[in-house]
Amino acid sequence: MQIPRLHPDTIEEVKLRADIVDVVSEYVVLRKRGKDFVGLCPFHDEKSPSFTVSQTKQMYYCFGCQAGGNAIKFVMELGKRSFADVVLDLARRYQVPVQTLEPEQRQELQRQLSLREQLYEVLATSAQFYQHALRQSQGQKALQYLQFNRQLKEETIQQFGLGYAPAGWETLYRYLVEDKHYPAQILEKAGLIKPRKEGGGYYDVFRDRLMIPIRDVQGRVIAFGGRTLTDEQPKYLNSPETELFSKGKTLFALDQAKGGISQLDQAVVVEGYFDAIALHAVGINNAVASLGTALSLEQVRLVLRYTESKELVLNFDADKAGTNATERAIGEIAELAYKGEVRLRILNLPNGKDADEFLNTHNPEEYQALAPTNERLSILKEYRYRIDELSPSERKELLETAPLWIDWQIQQIIQNRDLKQATDFQQVTQQIVKLLQNIANSDTLNHYISHCAEILSLGDTRLIPLRVENLLTQISPPAAKYSKPVSARKAWGGGKVSHSALPTERSFLEHAEALLLRIYLHCPEQRQAIIAELEERDLQFSLSHHRFLWQQILEISPGDGETRNFASQPDLISRLQDHFLEFSSEMGLISHLFHVNEKNQKEILRTPQVVQAAIACMDLVMLEKRYRHFLELWQQTDPEAEPERYQSYYQAFYAEKIKLQKIDRQRLFSITELL
């Protein structure tokens, strides 16, 4: 069946959502190298990787065979498939609504494409007009505001194309229509003019305002933001929604910030235009602005394609208005944060106006003299500091130490609360439970249950296990099978009480086992210790491909039993690779363990601690399996018909639970941090 011609909007949306690293990774094993990814080219035979994928540019290129293009072309060339077929496949994968063009629609499409080109042209011309007006006598007030109030340098003003809209009602209209001969309808569609309600004609949307061009990712002007220089309201006026501009799908300064986001692997999101401009002016070039709206999924997807760690830092004021702005800005991405798909951090700058007022009447030297140099950062946090007064290392520290969003929410819950008072304690606990119930990722949930239990224990470590049990019970209320004994059932029954929060996800265990095997292969001095730990705890590798590799290691190790010398195997990796020639399918799952990249090297630097953490993770999984087994047997046993067996199963799973609590405390400071 012939596929109807696809609408360009569908094609553009597929290009926007289909991340090239995600697409290529299905066919090529990619490894991070600098800011790009490398792998063996699928288009020609090679032994050393010359195939590169750039997430920033959303392009691939092979230095060996010169194949290159975007995600769509990659799938087309690899599968010898048609353009429409590939786009439809990617649209289904990334849940893009598909629009097609009937023959009668094609003429209208050409008209729309022509319209878009005219809009780009008239908006670019308008931006040049505003920049020119800024340098004229009528724009001096706006220029002085930028230079003195905002303290922006000339290069920053030019970098962001800042300008001035003259005060007249028809200044831009006359320039574009009468001098440049653009149709008035095009100006209206671009959001630059509006029709008069009476008497006919048009008037300029932006008048006597400082003008800030809003650009798309390619750097093309698609709209404007205008700041008043008087008491006129609103203070900031944005272009209306147009063919080119949708506020919920645009991030200000992303065209300037995408390189910095990729390089620093982090995006800073602020609320206003000048917040972003000020950060870029002092070298923080990974900042974008949300245009004063809640962050939408489209905006988040747009910025996250430039960061591998998926880390967003929201940077708003810490006063009530700033807190509300933070909660509002989170918008639709809350669910992604709860799932752990976005690493959302909150950076608050306290006491909004104090430091601004201080710096208006004092010079930077007086500001810095408030405290000795080694105490400067804490003083800057006490006041609302000017970000350009911070050194690069201090800026980096603030961004890196900004609390994760869930930590920030917990801080908001316990702020100004006295947990020694029963009422405050109860209200805080209820709010914490409500927060924890939203967390979908089990590892994250387990961490925050323990963290909140420590807070609620008020420093008494003996109370932490009790607080953990109370939180678990409220998060997942137990469904008891038997009514007797009620107290025991409520405390320990109901399959989802304890293990729902434990780290049972395959990814966590797989990482721990893989890390332990990689250390064994590349750190001969640790081999005997690893063997001893596994034997002492009677542990086995849970995942079949890891278990298979371990069996091969034991088979080719010299000697047997107590005489086996695990450390004296300098050629272990080479021998294993030769040994696996006859096991090609298994080799594909474990071959990455034979190599160490920069990230792996960092992981195994603290080898003894990492070994302990990985062993603890494996032990935790085995304990949890035994715990679940005995818990299920206990729940299925009638206490009245088989009291002895009922009591035996109870004691068995209770013993496993105590072991779980002990090792889970070890996991909190060990596995979570080291793995």
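The side chains of Glu-311 and Arg-343 are joined by a polar contact of 3.1 Å. This comes from a predicted model. The points below cover the surroundings of Glu-311, an open sheet of five strands, and the packing of helix H20 with helix H21.

**Glu-311**
- Glu-311 lies in strand E16, which covers residues 311–317.
- A polar contact of 3.2 Å also links the side chain of Glu-311 to the side chain of Arg-345.
- Glu-311 counts as buried because its relative accessibility is 7%, and the cut-off for buried is under 20%.
- Apart from neighbours within four places in sequence, Glu-311 contacts Asp-265, Gln-266, Ala-267, Leu-304, Arg-343 and Arg-345.

**Five-stranded sheet**
- The strand order of this open sheet is E2-E3-E4-E5-E6, and the pairing is antiparallel.
- Strand E2 (31–33) and strand E6 (68–69) form the edges, each pairing on one side only.
- Strand E3 (residues 36–39) and strand E4 (residues 51–54) run antiparallel and are joined by three bridges.
- Gly-39 has Phe-51 of E4 as its bridge partner.
- Helix H3 (residues 71–79) packs on the sheet and touches E4, strand E5 (59–62) and E6. The direction of H3 makes about 45 degrees with that of E5.

**Helices H20 and H21**
- Helix H20 (residues 422–436) packs with helix H21 (residues 442–456) at an angle of about 175 degrees, and their axes are 11 Å apart.
- H20 and H21 are therefore roughly antiparallel to each other.
- H20 contributes Phe-425, Val-428, Thr-429, Ile-432 and Leu-436 to the contact, while H21 contributes Leu-445, Tyr-448, Ile-449, Cys-452 and Leu-456.
- Of the residues in this contact, nine are nonpolar, one is polar and none is charged.

Methods. Residues are numbered from 1 along each chain as its sequence is written. This is a predicted model: local features need pLDDT of at least 70, side-chain atom pairs count only at pLDDT 80 or more; totals for chains, interfaces and linings use all residues. Side-chain values use heavy atoms; hydrogens and water are left out. Axes are lines fitted to C-alpha atoms, for helices over the stretch in contact, and angles run from 0 to 180 degrees between N-to-C directions. Helices (H or I, at least four residues) and strands (E, at least two) are DSSP runs, numbered from the N terminus. Angles under 35 degrees count as roughly parallel, over 145 as roughly antiparallel, 65 to 115 as roughly perpendicular and the rest as oblique. Contact means heavy atoms within 4.5 Å. Ala, Val, Leu, Ile, Met, Phe, Trp, Tyr, Cys and Pro count as nonpolar, Asp, Glu, Lys and Arg as charged, and the others, Gly among them, as polar. Buried means under 20% relative accessible area, exposed over 50%, partly exposed in between (1.4 Å probe, protein chains only). A polar contact is a pair of N or O atoms within 3.5 Å; within protein, one must be able to donate a hydrogen and the other to accept it, and residues adjacent in sequence count only if both atoms are side-chain atoms. Two strands pair if DSSP finds at least two bridges between them.
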